[in-house]
Amino acid sequence: MSTAKPGLTVLYERLRERRRALERRLGRVTGDRRRDGGALDPDFAEQAVQRENDEVLDVLSDTERVELGHIDAALARIDAGCFGICDACGADIDPMRLDALPSADLCVDCATEREHTSARS
């Protein structure tokens with residue numbers, strides 16, 4: 001890990017801790033989906049509720065996997081020495097943005113442009 005930028009060690013540790021928390025949560029969600037706590041309830045109405053909950057667990061799982069990917073990419077940028085540099089324009093990402101969203105890979109301007117472009121599509 002490179003520590004050339006001020007506060008980088010703190011952000012690195014925040015990313016690592018968030019990654020650990022997501023991995024723990026993802027493990028619990030995966031266990032719930034595998035029914036580690038037991039099979040489906042024999043009551044069909046209760047089974048319907050359990051299956052609806054499965055859909056929610058699937059969305060949570062997908063969301064956590066995406067966030068893990070963003071965190072892994074940010075950790076790789078730190079290791080490569082290019083953390084805090086916008087992937088789109090090459091400008092420095094505002095330290096306040098990185099403090100709020102340590103996995104950010106775009107400056108505010110490029111993130112806003114990408115959001116507007118996505119909204120128009």
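A helix here is a DSSP run of H or I that spans at least four residues, and a strand is a run of E that spans at least two. By that rule the protein chain of this predicted model has four helices and zero strands, and along the sequence the elements follow the pattern α-α-α-α.

Turning to the chain as a whole, buried residues account for 26% of its 121 residues, while its accessible surface comes to about 8000 Å², with 53% of that surface belonging to carbon and sulfur atoms. If one takes the contacts between residues at least 6 apart in sequence, 54% of them join residues that are at least 24 apart.

The interior can be followed through the largest nonpolar core, which has 19 residues and in which Leu 15, Ile 78, Phe 83, Cys 86 and Leu 98 are those with the most contacts inside the core. Both α1 (8–33) and α2 (44–80) supply at least two residues each to this core, and the largest share, six residues, comes from α1.

A single residue, Ser 103, shows how a loop position relates to other parts of the chain. Ser 103 lies in the loop between α3 (95–100) and α4 (108–120). Is Ser 103 buried or exposed? Its relative accessible area is 18%, and because buried means under 20%, Ser 103 counts as buried. Once its neighbours within four places in sequence are left aside, Ser 103 is in contact with Leu 15, His 70, Ile 71, Ala 74 and Arg 77. Among these partners, Leu 15 is also one of the residues with the most contacts inside the largest nonpolar core.

Key
Residues are numbered from 1 along each chain as its sequence is written. This is a predicted model: local features need pLDDT of at least 70, side-chain atom pairs count only at pLDDT 80 or more; totals for chains, interfaces and linings use all residues. Side-chain values use heavy atoms; hydrogens and water are left out. Buried means under 20% relative accessible area, exposed over 50%, partly exposed in between (1.4 Å probe, protein chains only). Contact means heavy atoms within 4.5 Å. Accessible areas come from the Shrake-Rupley method with a 1.4 Å probe; for residues, only the protein chains shown count as cover. A nonpolar core is a set of buried Ala, Val, Leu, Ile, Met, Phe, Trp, Tyr and Cys residues joined through side-chain atoms within 4.5 Å.
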